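Me: I would like a close look at a single part of this protein. Please walk me through it in short steps.

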Amino acid sequence: MQNFKKIYLILRTLERAMKSSEIDELFRLGIAERDLVSLCEMLQDEGYVKGFQVQEFIGGQKIGIYDGTKITLRGLEYLNTNPLMENARKELSGI
């Protein structure tokens with residue numbers, strides 16, 4: 001469930017960034033860079049986000065380039081209708 005909480009936080013942050021352009025909020029979520037990169041890659045592969053880029057270095061280290069990352073319509077639907085996202089929201093808000 002931990003990864004779904006992280007996915008919820010990422011998608012919710014990107015949804016809020018549609019109004020404020022505050023993509024930097026991703027760095028304040030408390031998600032390790034390695035996890036953030038992996039999850040954003042998965043979200044992009046599934047069509048939930050677009051514009052995410054990865055810089056890979058010798059040795060396999062990856063860093064994310066988030067400037068152009070945006071939530072897609074499919075991502076909005078997933079965030080707002082998927083039961084796993086609803087459970088993550090409830091757990092994070094203490095409901």
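Me: Take Lys 5 and its helix. Is Lys 5 buried or exposed? What does its side chain contact? Then show me the aromatic cluster too.

Reply: Lys 5 is buried, because its relative accessible area is 18% and the cut-off for buried is under 20%. Keep in mind that this is a predicted model.

Start with the location. Lys 5 is part of helix H1, which covers residues 2-20. Its side chain makes a polar contact with the side chain of Glu 91, at 2.9 Å. Leaving aside residues up to four places away in sequence, Lys 5 touches Ala 88, Glu 91 and Leu 92. Glu 91 therefore appears both as a polar partner and among the residues touched, where contact means heavy atoms within 4.5 Å.

Now look at the helix itself. Two packed helices are described by the angle between their axes and the distance between the axes. H1 packs with helix H2, residues 33-45, at an angle of about 75 degrees. Their axes are 11 Å apart. That angle makes H1 roughly perpendicular to H2, because the range for that label is 65 to 115 degrees.

Which residues meet there? On the H1 side they are Asn 3, Lys 6, Ile 7, Ile 10 and Leu 11. On the H2 side they are Asp 35, Leu 36, Leu 39, Cys 40 and Leu 43. By type, this contact has 7 nonpolar residues, 1 polar and 2 charged.

Next, the rings. The count of aromatic pairs is 3. One of them joins Phe 27 and Tyr 66. Their ring centres are 5.3 Å apart and their planes stand at 85 degrees, so this pair is edge-to-face. Phe 27 sits in the loop between H1 and H2. Tyr 66 sits in the loop between strand S3 (62-65) and strand S4 (70-71). The two are 39 residues apart, so the pair links distant parts of the chain.

Tyr 66 also pairs with Phe 52. Here the centres are again 5.3 Å apart, but the planes make 45 degrees, and the pair is tilted. Phe 52 lies in the loop between strand S1 (49-50) and strand S2 (53-56), 14 residues from Tyr 66.

How buried are these rings? Tyr 66 is buried, at 3% relative accessibility. Phe 52 is buried too, at 6%. Phe 27 is partly exposed, at 48%. Together, Phe 27, Phe 52 and Tyr 66 form one aromatic cluster.

Definitions and conventions. Residues are numbered from 1 along each chain as its sequence is written. This is a predicted model: local features need pLDDT of at least 70, side-chain atom pairs count only at pLDDT 80 or more; totals for chains, interfaces and linings use all residues. Side-chain values use heavy atoms; hydrogens and water are left out. Axes are lines fitted to C-alpha atoms, for helices over the stretch in contact, and angles run from 0 to 180 degrees between N-to-C directions. Helices (H or I, at least four residues) and strands (E, at least two) are DSSP runs, numbered from the N terminus. Angles under 35 degrees count as roughly parallel, over 145 as roughly antiparallel, 65 to 115 as roughly perpendicular and the rest as oblique. Ala, Val, Leu, Ile, Met, Phe, Trp, Tyr, Cys and Pro count as nonpolar, Asp, Glu, Lys and Arg as charged, and the others, Gly among them, as polar. Buried means under 20% relative accessible area, exposed over 50%, partly exposed in between (1.4 Å probe, protein chains only). A polar contact is a pair of N or O atoms within 3.5 Å; within protein, one must be able to donate a hydrogen and the other to accept it, and residues adjacent in sequence count only if both atoms are side-chain atoms. Rings of Phe, Tyr and Trp (its six-membered ring) pair if their centres lie within 6.5 Å; planes under 30 degrees apart count as stacked, over 60 as edge-to-face and the rest as tilted.
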